[in-house]
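Q: Got a model to go through. Can you take me round the sheets and pockets?

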Amino acid sequence: MNFMAGRHFLQIPGPTNVPERVLRAMSKPTIDHRGPEFSRLAIEVLDGLKLICKTRASLVIYPSSGTGAWEAALVNTLSPGDRVLMAETGHFATLWRNIATNHGLDVDFIPTDWRRGADPATIEEKLTLDRDRKFKAVAIVHNETSTGVTSRIAEIRKAIDRASHPALFLVDTISSLASIDYRHDEWGVDVTVGCSQKGLMLPPGLALNAISAKALAASKTARLSRSYWDWEPMLSANKAGFFPYTPPTNLLFGLQESLNMLNEEGLENVFARHMRHAEATRRAVRAWSLQILCQNPLEYSSSLTAVLLPEGHNADAFRKTVLERFNMSLGNGLGKLQGKVFRIGHLGYFNDLMLAGTLSGVEMGLGLAGIPYTKGGITSALEYLAQK
Ligand SMILES: Cc1ncc(COP(=O)(O)O)c(C=O)c1O
């Protein structure tokens, strides 16, 4: 590709833009991970992440991508052959299901058309009919990054309670944590799965599990084999601020800084900022006469918007045009949405003018790629941003 001046626009829904403050924090010299300075750092970031997850429960950080935290949630709580209830909300729910079946779990995968979230009523019905209490866990992706649909975790918790079912509740918050309201304790979640490269504004490489007392108790008898992901040695070493193996020290420096930034802005303000940018984006999409993939307004995602292109138009060709002409990366369609949708990431370290630039690139790209659309999406978005 020819040299392109100016900053690249990274508008995929993660990894997100890493703030300079975080980059600078990570450039500090690596310290002794068995010394007192490290211990203070680890305890500070573990406590800080608990505030982000809205929990007082246990929390562990792994040096891994989010996939590791998916696996950790399953292998620490379940035994071979256990039944797990999951919802096929999209590509990422499908990948988590695959990990479960690879481990010999028996998954009931509730289908959807990839345009809506997990349905609380269906979950309630399945659990009510499960009189022998065979389901050991309900595992749901909070924000399905492949579709831009946010499942209603609080409603699903109520559905589990209405069925009086003892199953553990496992929730993937990989693209919702620190972007969309999430409450581990209040919503009775047993294991939260999270990672660094989205709302936490860090590079990829850190993953987390927040762990309820009930999940911790389940881990004592769970028989899936585990070693690296085992919570026990991690929690035990964490008590003194250490890890059972070499931690990703510089990423933890970055995490310390990103937690500072989230606290300075205030978590509720962070959520409001994401909601506002998501609404402005949807106004642009509607004004372009294009379709938002998510069909239920109650489940619109604040961290990304997936946009469906008209039949006969390839979203990857459109993305290529945008990348080559405007130096902007948009998210691709994943799994069965490949070529059909593009995704606009509006999460993490992001502001009004970054959104204005992003939407401008999309609008210009639509014209250049020959996609039928109505002009004026940017104007709709800007009018909304200017008034709110
Ligand atoms: C909702 C969700 N879950 C899980 C993952 C997998 O995380 P990773 O690619 O970091 O392993 C992703 C990645 O984008 C995701 O968006």
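What follows is a quick chat about sheets, pockets and one loop residue.

Q: What kind of model is this, and what pLDDT do local features need?
A: It is a predicted model: local features need pLDDT of at least 70, side-chain atom pairs count only at pLDDT 80 or more, and totals for chains, interfaces and linings use all residues. Residues are numbered from 1 along each chain as its sequence is written, and side-chain values use heavy atoms, with hydrogens and water left out.

Q: Which order do the seven strands take in their sheet?
A: The order is 2-10-9-8-5-3-4, in an open sheet with mixed pairing. Strands here are DSSP runs of E, at least two residues, and helices are H or I runs of at least four, numbered from the N terminus. Two strands pair if DSSP finds at least two bridges between them.

Q: Which are the edge strands?
A: Strand 2 (58-63) and strand 4 (106-110), each pairing on one side only.

Q: How much are neighbouring strands turned against each other?
A: By 20° on average, direction ignored. Axes are lines fitted to C-alpha atoms, for helices over the stretch in contact, and angles run from 0 to 180 degrees between N-to-C directions.

Q: How many bridges are there between strand 2 and strand 10?
A: Six, in the antiparallel sense. I61 stands opposite L208 in strand 10.

Q: What does helix 2 touch on the sheet?
A: Helix 2 (residues 36-53) touches strand 2, strand 9 and strand 10, and its direction makes about 115° with that of strand 2. Contact means heavy atoms within 4.5 Å. Helix 8 (residues 231-238) lies across strand 2, strand 9 and strand 10 too, at about 105° to strand 2.

Q: Now the three strands. What is their order?
A: 11-12-14, an open sheet with antiparallel pairing. Strand 11 (291-292) and strand 14 (341-345) stand at the edges with a single partner strand each, so one side of each has no neighbour in the sheet.

Q: How many bridges join strand 12 to strand 14?
A: Five, with strand 12 covering residues 304-308. V307 has F342 in strand 14 as its bridge partner.

Q: Which strands does helix 10 lie across?
A: Strand 11, strand 12 and strand 14, running at about 10° to strand 12.

Q: Switching to pockets. What volume does the largest have?
A: About 370 Å³. A pocket is an open set of points on a 1 Å grid over the protein atoms alone, where a 1.4 Å probe fits, with protein on both sides within 12 Å along at least five of seven lines; lining residues have an atom within 4 Å of a point. Points are joined across faces, edges and corners, and the volume is the space filled by probe spheres set on them.

Q: What lines the largest pocket?
A: 21 residues, with T150, I180, L298, Y300 and S302 nearest its centre. Helix 10 gives the largest share, four residues.

Q: And the second largest pocket, what is its volume?
A: About 240 Å³. Of its 19 lining residues, F92, T145, I174, Q197 and K198 are closest to the centre. Helix 3 supplies the largest share, three residues.

Q: Last one, S196. Buried or exposed?
A: Buried, because its relative accessibility is 1%. The cut-offs are under 20% relative accessible area for buried, over 50% for exposed and partly exposed in between, with a 1.4 Å probe and protein chains only.

Q: Where does S196 lie?
A: In the loop between strand 9 (191-195) and strand 10 (206-211). Leaving out residues up to four places away in sequence, S196 touches M201, L202, P203, P204, G205 and L206.
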